[in-house]
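Morning, everyone. I have one structure to walk through today, helix packing to begin with and salt bridges after that. Let me put it on the screen.

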Amino acid sequence: QAGAIETLEKTLETFIPDAELKEVKRILYGKELKKLILPQKVVEAAQEREFDLQGYVFEAAPEQLRTPRIVRVGLIQNKIILPTDAPVLNQITALHKRVSEIVEVAAFCGVNIVCFQEAWTMPFAFCTREKEPWTEFAESAEDGFTTRFCQELAKKYNMVVVSPILERDEIHGGTLWNTAVVVSNTGQFLGKSRKNHIPRVGDFNESTYYMEGNTGHRVFQTQFGRIAVNICYGRHHPLNWFMYSINGAEIIFNPSATVGAVSEPMWSVEARNAAIANHCFTCAINRVGTEYFKNEFTSGNGKKAHHEFGHFYGSSYVAAPDGSRSPGLSRTHDGLLVAEIDLNLNRQTADKWNFKMTGRYDMYADELTKATQNDFKPNIIKE
């Protein structure tokens, strides 16, 4: 059952003896993180607004020549509010209201950068492959209803806002894109980054709506560090994370929408591995809940048509370059994860492990260039 386990961590804590629990957690999660001490009014506000609130601290060693670079990031996961057949504007407005309640608590927690889940203003309707009414949720990245909403939040709370939406690009014939909008803490539109990899996997056959992005691997310089947005399916592609890192990302957000039957065993591995491999922080965000659609749809796998395609299992977390990671948020409830991170840990870990320094990028580049040619011959030695 989707709701049988609230979080993996709670299950471990329930059944593993205290004497062994610490070592089990070390093996699974790396070094133990301090819990972030949050004011009582914040804890009460989260309880009152009915969402899971967790906070953790990722520390770095003190250095002689650099002061700590402390940043607080906030990850928000949430269910849709209204039924999927409610009027489009009502659905969007209800989600704006819900997320603003959570962002206010994030502001109380001192969050500097907040990121929402993939296509956060709408149900994850791409499974249906219907055009109407879902394409009506698409908005301008630069000056749409939702971007203006995020600009108000950013100014009000001095917070960078990462807002993944369904974008309508009016300049290029009304084309649709799966896009993350980045709003500066000054309230200015900083830029946008489009989803590079589009799944064609069962119910996640999203190329009905949009194709692979054309913005490359943009990194956004903010007052709180350099950030990038690797949207959903891009997390399965190690080179996608790598190219954001090559362009200087210190924190890579991975706003997603994925269900248990498809990806849950992979979820805890992929963003964490990317943090380790690329000497940076990664933030994995997944929506929660089960979304019901009036019209049945099929998965192209011979199974019966259905009205919903599984439980979005939340479990949002933050991973650090040294292999440590936070526990996940709830599998079933809305949540806010606050992580206080010291960006100095990126270089400290890089100096220890030298993955960037020992990478054979010139060799890879040469061989990849050859591998993409029609006359490529694999380097296989035979007797």
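Start with helix H1, residues 8-15, and helix H2, residues 18-29: their axes come within 10 Å and cross at roughly 155°. Keep in mind that this is a predicted model. Angles over 145 degrees count as roughly antiparallel, and H1 and H2 are therefore roughly antiparallel to each other. As for handedness, H1 passes H2 in a right-handed crossing.

Which residues of H1 and H2 meet? From H1 we have Leu8, Glu9, Leu12 and Glu13. Facing them from H2 are Leu21, Lys25, Leu28 and Tyr29. Sorted by class, that contact holds 5 nonpolar residues, 3 charged ones and no polar ones.

Now the salt bridges. The count comes to 26. I will take three pairs.

Pair one stays in H2. Arg26 and Glu23 join side chains in a salt bridge, 2.8 Å from N to O. Both residues lie in H2, 3 residues apart, which is about one turn of the helix. How accessible are they? Arg26 is partly exposed, at 46% relative accessible area. Glu23 is partly exposed as well, at 41%.

Pair two is in helix H4, residues 88-108. Arg98 bridges to Glu101, with the closest N and O atoms 3.0 Å apart. Here too the spacing is 3 residues, about one helical turn. Is Arg98 buried or exposed? The cut-off for buried is under 20% relative accessible area. Arg98 has 11%, so Arg98 is buried. Its partner Glu101 has 23%, and so counts as partly exposed.

Pair three moves to the strands. Arg194 forms a salt bridge with Asp169, and the closest N and O atoms are 3.4 Å apart. Arg194 sits in strand E7, residues 189-194, while Asp169 sits in strand E5, residues 160-169. The pair therefore ties together parts that are 25 residues apart in sequence. Arg194 is buried, and Asp169 is buried too.

That third pair also has company. Which residues share a network of salt bridges with Arg194 and Asp169? The others are Glu142, Glu167 and Lys192.

To recap: a roughly antiparallel pair, H1 and H2, with a right-handed crossing. Then a bridge inside H2, Arg26 to Glu23, and one inside H4, Arg98 to Glu101. Last, a bridge from E7 to E5, Arg194 to Asp169, within a network of salt bridges. That's my part.

Terms used
Residues numbered from 1 in each chain as written. Predicted model: local features only at pLDDT ≥ 70, side-chain atom pairs only at ≥ 80, totals over all residues. Heavy atoms only, no water. Axes fitted to C-alpha atoms, helices over the stretch in contact; angles between N-to-C directions. Helix = DSSP H or I, 4+ residues; strand = E, 2+ residues; numbered from the N terminus. Parallel < 35°, antiparallel > 145°, perpendicular 65-115°, else oblique. Left-handed = near helix turned anticlockwise from the far one by under 90°. Contact = heavy atoms within 4.5 Å. Nonpolar A, V, L, I, M, F, W, Y, C, P; charged D, E, K, R; others polar. Salt bridge = Lys/Arg side-chain N within 4 Å of Asp/Glu carboxyl O. Buried < 20%, exposed > 50% of the residue type's maximum accessible area, 1.4 Å probe, protein only.
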